[in-house]
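Student: Could you take me through the empty space inside this model, and then show me what sort of protein surrounds that part? I'd like one connected story, please.

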Amino acid sequence: MVKKRVERRPGPALREAMRAEEVLEVLRGRFHRPACALRLSQGPVTVFDSHIGGLPYCPREGEPPVGEDGRQLRLMVQINFAQMPGMPPFPERGMLQFFLPDHDPLVGHRGMEHWTEQKDWRVLYHPEIDPTVTEEEVRVKVTVGPAVAEEGRERRYNSAILVDNLVYKLHFEPVREEGITRSDFRFWPQFLKAWGDTCDEPPPEQFWPKRRTEDPVSLDQMEADRLWQELDDDASGRTSKIGGYPAFPKGDPRAVLPMCADGECPYDTVLLHIEPDFRDVEDLSQGYYPLCFGEDGRAVFLMREEDLLRRDFSRVGYYWQDNSDAAYFKELCGEEWRPSARLAFSPV
């Protein structure tokens with residue numbers, strides 16, 4: 001006689017995690033945006049291609065941008081929208097470029113009070129691309145960038161941003177819908193609201209509650225932790241992308257802006273989100289680490305959708321964040337460095 005299999009009922013910790021999974025699906029249905037993930041390869045690039053590092057496209061009458069000190073800024077990322085899948089309200093054509101200072105330990109960022117002031121960094125958009133511009137014409141204008149030949153010798157310009165001065169070709173994944181990320185300052189209030197709308201049980205104290213003190217750890221808690229880990233990964237938003245929602249290791253810097261009160265924020269469009277590692281377009285097990293923003297750091301460029309629709313990139317907000325604390329910035333800037341609440345680099 002074959003014994004009938006009895007399915008074990010989940011314990012209280014796992015039930016809580018399962019309810020959170022349902023609530024997260026509800027929340028994603030309410031808050032979602034199209035996103036295009038970015039991949040890399042080491043294939044050849046031209047000044048007209050989307051790429052990281054290397055030579056920028058530069059119109060025949062144009063010059064590469066410079067910082068406050070008059071020194072030329074280095075191209076970090078270049079995006080040819082004609083090579084990217086269509087994703088309104090982003091342009092369907094034209095060239096978007098992100099330039100950062102080459103030897104600034106703060107990588108051009110001067111706190112949230114100045115995050116839209118493009119003094120030591122720059123975002124440029126060329127609505128039309130001149131196909132007659134040559135690489136040689138651009139190269140003579142650029143004083144920073146990849147290796148160049150001088151008197152028969154190769155000279156390299158070191159960078160505080162780009163690792164090894166390599167140039168990577170940028171590839172675009174198909175556009176998909178991305179739900180609100182857990183580090184978005186609106187996530188937790190909206191999560192609690194969705195929880196209250198869908199179930200009568202009290203909500204957890206935080207996303208992925210701290211494990212109860214148990215010795216040994218119960219099977220119920222282990223299963224709950226595994227599910228919370230999956231939910232945490234799904235809601236992290238940690239991939240380099242255009243669009244979607246930003247992800248921050250410590251906290252959403254927009255929360256300190258007066259304009260972002262009551263759960264509203266006009267700076268809601270991710271123009272570019274850069275993670276430390278990129279996946280190879282042909283082999284996801286192969287990773288590249290082309291850009292450095294401190295330990296486990298990432299950079300995000302945000303703008304207002306109304307500005308994007310006008311193709312006005314003069315008020316883009318730029319922010320980077322890593323796992324460093326205030327002591328790290330005092331070491332860079334001196335003991336007199338005192339961040340205000342709005343000036344803080346890494347809000348907790």
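Tutor: Sure! Let's sort out some words before we look inside: Ala, Val, Leu, Ile, Met, Phe, Trp, Tyr, Cys and Pro count as nonpolar, Asp, Glu, Lys and Arg count as charged, and the others, Gly among them, count as polar. Keep in mind, too, that this is a predicted model.

Now for the empty space. Rolling a probe the size of a water molecule over the atoms shows where empty space is left. Here the structure turns out to hold three cavities of 30 Å³ or more. The largest cavity has a volume of about 50 Å³. Eleven residues line the largest cavity, and P56, L73, L75, V142 and V144 are the ones that lie nearest its centre. Using the classes above, that lining breaks down into seven nonpolar residues, three polar ones and one charged one.

So what sort of chain surrounds these cavities? The protein chain has six helices and 15 strands. Of its 348 residues, 49% are buried. Take the contacts between residues at least 6 apart in sequence: 76% of them join residues at least 24 apart. Let's follow that idea through a couple of strand residues.

Start with A299, which sits in strand β14 (residues 298-303). Buried means under 20% relative accessible area, so A299, at 1%, counts as buried. Skipping residues up to four places away in sequence, A299 touches L272, H273, I274, F293, Y318, Y319 and W320. It also has a distant partner to compare along the chain: A299 and V107 are 192 residues apart in sequence, and their C-alpha atoms are separated by 10.0 Å.

I274 was on that contact list, so hop over to it. I274 belongs to strand β11 (residues 269-274), and with 1% relative accessibility it is buried. Leaving out neighbours within four places in sequence, I274 is in contact with M76, V77, S240, L291, F293, R298 and A299. Its C-alpha atom is 9.0 Å from that of I242, which is 32 residues away along the chain.

Next, the helices. α1 has 19 residues, and the distance from its first C-alpha to its last is 27 Å, close to the 27 Å expected at 1.5 Å a residue. Its buried residues are A13, L14, E16, A17, A20, V23, L24 and L27, and they pack against α3 and α4.

You can do the same check on helix α3 (residues 187-198): at 1.5 Å a residue, its twelve residues should span 16 Å, and its end C-alpha atoms are indeed 16 Å apart, so the two agree. In α3, the buried residues are F187, F191, A194 and W195. Look down the axis of α3 and its buried residues fall within an arc of 105°, so they line one face of the helix. The buried residues of α3 pack against α1 (12-30).

Last stop, the loops, where a few odd angles turn up. Most residues other than glycine have a negative phi, and most peptide bonds are trans. Now look at P88 and P89: a cis peptide bond joins them, with omega about 10°. P89 is in the loop between β3 (74-80) and β4 (95-100).

W208 is not a glycine, yet it has a positive phi of about 65°. You'll find W208 in the loop between α3 and α4 (219-234). With a relative accessibility of 25%, W208 counts as partly exposed.

R311 is another residue other than glycine with a positive phi, near 60°. R311 lies in the loop between α5 (305-309) and β15 (317-321), and it is partly exposed, with a relative accessible area of 33%.

One more loop residue to finish: L166, in the loop between β7 (153-155) and β8 (168-172). L166 has a relative accessible area of 36%, so it is partly exposed. Not counting residues up to four places away in sequence, L166 touches Q42 and I52. L166 and I52 are 114 residues apart in sequence, with 8.4 Å between their C-alpha atoms.

Key
Residues are numbered from 1 along each chain as its sequence is written. This is a predicted model: local features need pLDDT of at least 70, side-chain atom pairs count only at pLDDT 80 or more; totals for chains, interfaces and linings use all residues. Side-chain values use heavy atoms; hydrogens and water are left out. Helices (H or I, at least four residues) and strands (E, at least two) are DSSP runs, numbered from the N terminus. The expected span of a helix is 1.5 Å times one less than its number of residues. Buried means under 20% relative accessible area, exposed over 50%, partly exposed in between (1.4 Å probe, protein chains only). The arc is that of the directions from the helix axis to the C-beta atoms. Contact means heavy atoms within 4.5 Å. On a 1 Å grid over the protein atoms alone, a cavity is a set of points where a 1.4 Å probe fits but cannot get out, and a pocket is an open set with protein on both sides within 12 Å along at least five of seven lines; lining residues have an atom within 4 Å of a point. Grid points are joined across faces, edges and corners, and a volume is the space filled by probe spheres set on the points.
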